Amino acid sequence: RALTVLGDAYAAAGRASEAVPLVQEAIQLQESAAAFVDRALWVRTLGEAYRQAGQLGEAERTAHTALEFARRNGEQANEAWTRFLFGEIAADREDQEAARRHLEQARELAAGLGIRPLVAQCHFRLAAVARRAGAKDEARGHLQTATQMFAEMDMHAALAKARAQAAQPGEGLAE
């Protein structure tokens with residue numbers, strides 16, 4: 001568990017290339033001990049590390065595995081977070097339609113489960129996808145929703161990112 005948490009922290013700190021082997025080792029240790037707990041979560045963490053390292057093919061393959069584990073075990077929260085990961089992978093590939101589809105699926109599932117932080121993150125990412133597609137009104141709506149939700153939940157780092165995005169000149173979102 002400690003290796004996975006450390007790997008996740010490395011990925012969040014922009015050290016994804018160091019995160020990947022840590023999470024891989026954690027998964028291998030759990031599999032060899034036949035005592036796997038939170039398998040979908042750990043595999044999704046590996047997928048996110050691959051994504052942040054720019055290994056989108058591995059990220060997508062790993063996300064499929066995480067989704068399979070989540071569905072098999074009825075872990076709807078992990079399914080929602082994995083769908084979010086698929087959305088981010090698609091956005092990184094600049095496949096706006098797939099990104100929108102996955103992010104909307106994640107948002108709907110998260111909303112039904114009451115996972116407000118994920119709902120807010122989905123709105124934030126949907127704003128970026130809409131902005132890239134030239135849908136400024138849609139982007140503005142998603143960004144306003146994300147900003148409001150981040151503020152309500154005291155998610156200060158995410159709120160700062162959303163406010164910075166809204167204030168960027170030329171984006172037409174702060175108007």
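This tour proceeds through a predicted model, moving from its largest pocket to a helix pair, a buried residue and two loops.

**The largest pocket**

Begin by selecting Glu48, Gln52, Trp81, Phe84 and Glu88, the lining residues that lie nearest the centre of the largest pocket. The lining comprises 26 residues in total, and the pocket has a volume of about 740 Å³. By character, the lining residues divide into 14 nonpolar, eight charged and four polar.

Next, colour the helices that contribute to this lining. Helix H1 (2-12), helix H3 (39-52), H5, helix H7 (116-132) and H9 each supply at least two residues. Which helix provides the largest share of the lining? That helix is H3, with seven residues.

**Helices H3 and H4**

Keep H3 selected and add helix H4, residues 56-72. The axes of the two helices come within 8 Å and cross at roughly 165°. Angles over 145 degrees count as roughly antiparallel, and H3 and H4 are therefore roughly antiparallel to each other. The crossing of H3 and H4 is left-handed.

**Alanine 130**

Move now to helix H7, one of the helices that line the largest pocket, and select alanine 130, which is found in H7. Is alanine 130 buried or exposed? The relative accessible area of alanine 130 is 0%; because the cut-off for a buried residue is under 20%, alanine 130 counts as buried.

With alanine 130 still selected, add glutamate 97 and display the distance between the two C-alpha atoms: the separation is 9.7 Å, although the residues are 33 apart along the chain.

**Two loop residues with positive phi**

Select glutamate 94 next, in the loop between helix H5 (76-92) and helix H6 (96-113). Phi of glutamate 94 is near 60°, a positive value in a residue other than glycine. The relative accessible area of glutamate 94 is 62%; because exposed means over 50%, glutamate 94 is classed as exposed.

Finally, go to aspartate 154. Where does aspartate 154 lie? Aspartate 154 occupies the loop between helix H8 (136-152) and helix H9 (156-167). Here too the residue is not glycine and phi is positive, with a value near 55°. Aspartate 154 has a relative accessibility of 54% and counts as exposed.

Key
Residues are numbered from 1 along each chain as its sequence is written. This is a predicted model: local features need pLDDT of at least 70, side-chain atom pairs count only at pLDDT 80 or more; totals for chains, interfaces and linings use all residues. Side-chain values use heavy atoms; hydrogens and water are left out. Helices (H or I, at least four residues) and strands (E, at least two) are DSSP runs, numbered from the N terminus. Buried means under 20% relative accessible area, exposed over 50%, partly exposed in between (1.4 Å probe, protein chains only). On a 1 Å grid over the protein atoms alone, a cavity is a set of points where a 1.4 Å probe fits but cannot get out, and a pocket is an open set with protein on both sides within 12 Å along at least five of seven lines; lining residues have an atom within 4 Å of a point. Grid points are joined across faces, edges and corners, and a volume is the space filled by probe spheres set on the points. Ala, Val, Leu, Ile, Met, Phe, Trp, Tyr, Cys and Pro count as nonpolar, Asp, Glu, Lys and Arg as charged, and the others, Gly among them, as polar. Axes are lines fitted to C-alpha atoms, for helices over the stretch in contact, and angles run from 0 to 180 degrees between N-to-C directions. Angles under 35 degrees count as roughly parallel, over 145 as roughly antiparallel, 65 to 115 as roughly perpendicular and the rest as oblique. A crossing is left-handed if the near helix is turned anticlockwise from the far one by less than a right angle, and right-handed if clockwise.
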